[in-house]
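Student: I should like to work through this structure residue by residue, with reasons for each assignment. May we begin once it is displayed?

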Amino acid sequence: MSRRWIQNPNRCADEYLDGIQDFIEFARRHNPGATRIRCPYRRCNNTLWETIENIGFHLVRNGMIETYSIWNLHGEQLDHASSSNATRVANVETIVDPNDEVMDIIQDAFPFASTNINQEGEDDVPTPIDSAEFEQYEKLLKNANQKLYPGCESFSVLTAIVELMHGKIKYRMSNLCFDYFLGVFKRILPTDNCLPKDHKHAQKVLNGLGLGYEKIHTCKNNCMLFYKEHETLDKCPICNESRFKTTSQNRMTKIPQKVMRYLPLKPRLQRLYMSTHTVIDMRWHKEKRVDDDVMRHPADGETWKEFDRTFPDFAADPRNVRLGLATDEFNPYGVLNQHHSTWPIFVFPYNLPPWKCMKKEYMMMTVLITEDLGRSMDVYLRPLVDELKDLWTNGVRTYDKSTGKMFTLQAAVMWTVNDFPAYAMVSGWSTKGYMACPVCKEDVTSGWHAGKVCYLGHRRWLPWNHEWREKDKEFDGNTERRLRPREWSGDEILEQLNRLDFALFGKTVSRIRPSTHMNWTHKPMFFELPYWSTLKLRHNLDVMHVEKNVFDTLVGMILDIEGKTKDTIKARLDLERMAIRRGLWMNRDSDKARRDLAFFSMKPNDKKEFLQFVSSVKFPDGYASNIAR
């Protein structure tokens, strides 16, 4: 039977749905009585076990592994055996030697460490590594070949450290907890074992694998970084604040006031092409993506295609990396410390297929700021923007594991993804006040309603002949005859920003904004990237925050939840002031006024029935969180 349906990109086609049904019947027939079998869904990759019902849902929603045309892991008989005597392949996990995995990691980190090539003039020939790198390679190789203790056949020193460190990260173990268990294991093992005594010594062994970070001192008031030409300064030239804390005179080392961690981007991008696990997928967007005008991946969008038309040289090599950038504030201490904030900045490669590019394994943290940065986000972006400029202009020589040759890798940030407050910090346009909309800008329709600034005029975006434009009582009491606000190009925004004078960054600097600046707070550092002003879409709001806020508002109003609903007394009074929606005005009896239940809110009996239904809803694994909560 033909299995071409596996490659069909249309997962709603009858051929595809019939093929899934055939697979499920095949799996039931060859695995009688089994409650769980391997899931051939792209993300599960035949490594996770699911119920047959969930597998069917996974395949309809996300598709089967395109290369899995022989279902040997689900009981298909091998060709060399007869149908009556064939032995079915056992559904057992593939046993992988951890020592072999560690050697693969070393080969990925040093793909041509053992080469000795001295060919002049050949651009694509791997360059032998320098003596310092080769020394790191030899140390790692020594630890990879050294037994954990005499007579141990299962683990080398390096394998044991990698396994333990992986568990530490996966289960979020603190350094103190890790040190305790490492000490216990060291006492349990034979006395002549080579296990490190604590986390610090284990980390030193792994340093040779690269992908480290740099500590950069910053001004206490977020004015600047002590970086490049300012690296040797002891005081901030803007606020005159000392770089170091005041300590005892006998102390030999100086303690900086504030430190940011910068994780260089180039070696992380290079590693994607030096590893056999990712090098092929980094060309997926060009070589394997189905181009059928269906939006499945950013490469299907108009912004990506417009970028390709504007920069054909960059687009010519599918190995050049397209990046997204995201940041947000969070407090790792919860309510224990209300004044602390941490700002990580991540980039993620869009070259990868959609089921990989947003996985945490491929998200690269480039900057970690562990203290409040105020409004000075651009100060901390300086090292990243400098590296991005170099990646665009000069690129970096990178080894391609799939071809065995060197090439010049370039990279570009396509857009940022943030919530609305962080949007203001990276875009330079304040998202507060009467001109908070970064799209409408000075042409926004806003006003003071129910004790807060509200933004109206959404009907301007409708087609000119849309019936809602003529309705007044259903909206704000006015018909809408205005055109949609003009769309500013990146070059126009840059020209406008170049005409404005902005204050320096820092907590001590007065930041009174002149009216000529509208809502601009600063010129975003991203405009230093040569391609930034040409991008069709520079900033995005993340879907999660939009979905959550809209959902909370709707549910709060429908269920009339106190503190959550927008249907408040102030809102009712505002409707009276605007002389619209008389049915929602306050009900006044003699000297009292009361807010009656709105027609769109549920009555108590309906609310109880609705919540009972919601608590009974069940979804397949991984489809939704526990909605009963």
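Student: In which loop does R172 lie?

Tutor: The model is a predicted one, and the helices flanking this residue are numbered from the N terminus. One of them, α5, covers 157-170, and the other, α6, covers 175-188. R172 therefore belongs to neither run, since helices are DSSP runs, and its place is the loop between α5 and α6.

Student: Is R172 buried or exposed?

Tutor: A residue is exposed when its relative accessible area is over 50%. R172 has a relative accessibility of 79%, so R172 counts as exposed.

Student: What is the phi of R172?

Tutor: Most residues other than glycine have a negative phi. R172 is not a glycine, yet its phi is positive, at about 55°.

Student: Which residues gather with R172 in the patch of positive charge on the surface?

Tutor: Patch members need over 30% relative accessible area and no salt bridge. K360, in the loop between α12 (354-357) and β7 (364-369), has a relative accessible area of 70% and is therefore exposed. The residues that gather with R172 are R43, R61, K170, K359 and K360.

Student: Is K441 buried or exposed?

Tutor: K441 also has a positive phi, near 55°, and is a residue other than glycine. Its place is in the loop between α14 (420-427) and β11 (445-449). Its relative accessible area is 6%, and the limit for burial is under 20%, so K441 is buried.

Student: With which side chain does the side chain of R460 make a polar contact?

Tutor: R460 is found in the loop between β12 (452-456) and α15 (490-498). Its relative accessibility is 5%, so R460 counts as buried. At 2.8 Å, its side chain makes a polar contact with the side chain of D443.

Student: How many of the nine residues of helix α8 are buried?

Tutor: Helix α8 spans residues 266-274 and is mostly covered. Its buried residues are K266, R268, L269, Q270, L272, Y273 and M274. The number of buried residues in α8 is thus seven, with burial meaning under 20% relative accessible area.

Student: Which helix gives the largest share of the nonpolar patch?

Tutor: F420, L541, V546, V550, L554 and I558 form this surface patch, with about 480 Å² of accessible area together. V546 lies in helix α16 and, at 42% relative accessibility, counts as partly exposed. Four residues of the patch come from one helix, residues 543-558, and that helix is α16.

Terms used. Residues numbered from 1 in each chain as written. Predicted model: local features only at pLDDT ≥ 70, side-chain atom pairs only at ≥ 80, totals over all residues. Heavy atoms only, no water. Patch = residues over 30% accessible without salt bridge, like charges linked within 9 Å, V, L, I, M, F, W, Y side chains within 5 Å. Areas by Shrake-Rupley, 256 points an atom, 1.4 Å probe, with all protein chains shown as cover. Salt bridge = Lys/Arg side-chain N within 4 Å of Asp/Glu carboxyl O. Lys, Arg positive; Asp, Glu negative; His and termini not counted. Charge placed at Lys NZ, Arg CZ, Asp CG, Glu CD. Helix = DSSP H or I, 4+ residues; strand = E, 2+ residues; numbered from the N terminus. Buried < 20%, exposed > 50% of the residue type's maximum accessible area, 1.4 Å probe, protein only. Polar contact = N/O pair within 3.5 Å; in protein donor to acceptor, adjacent residues only side chain to side chain.
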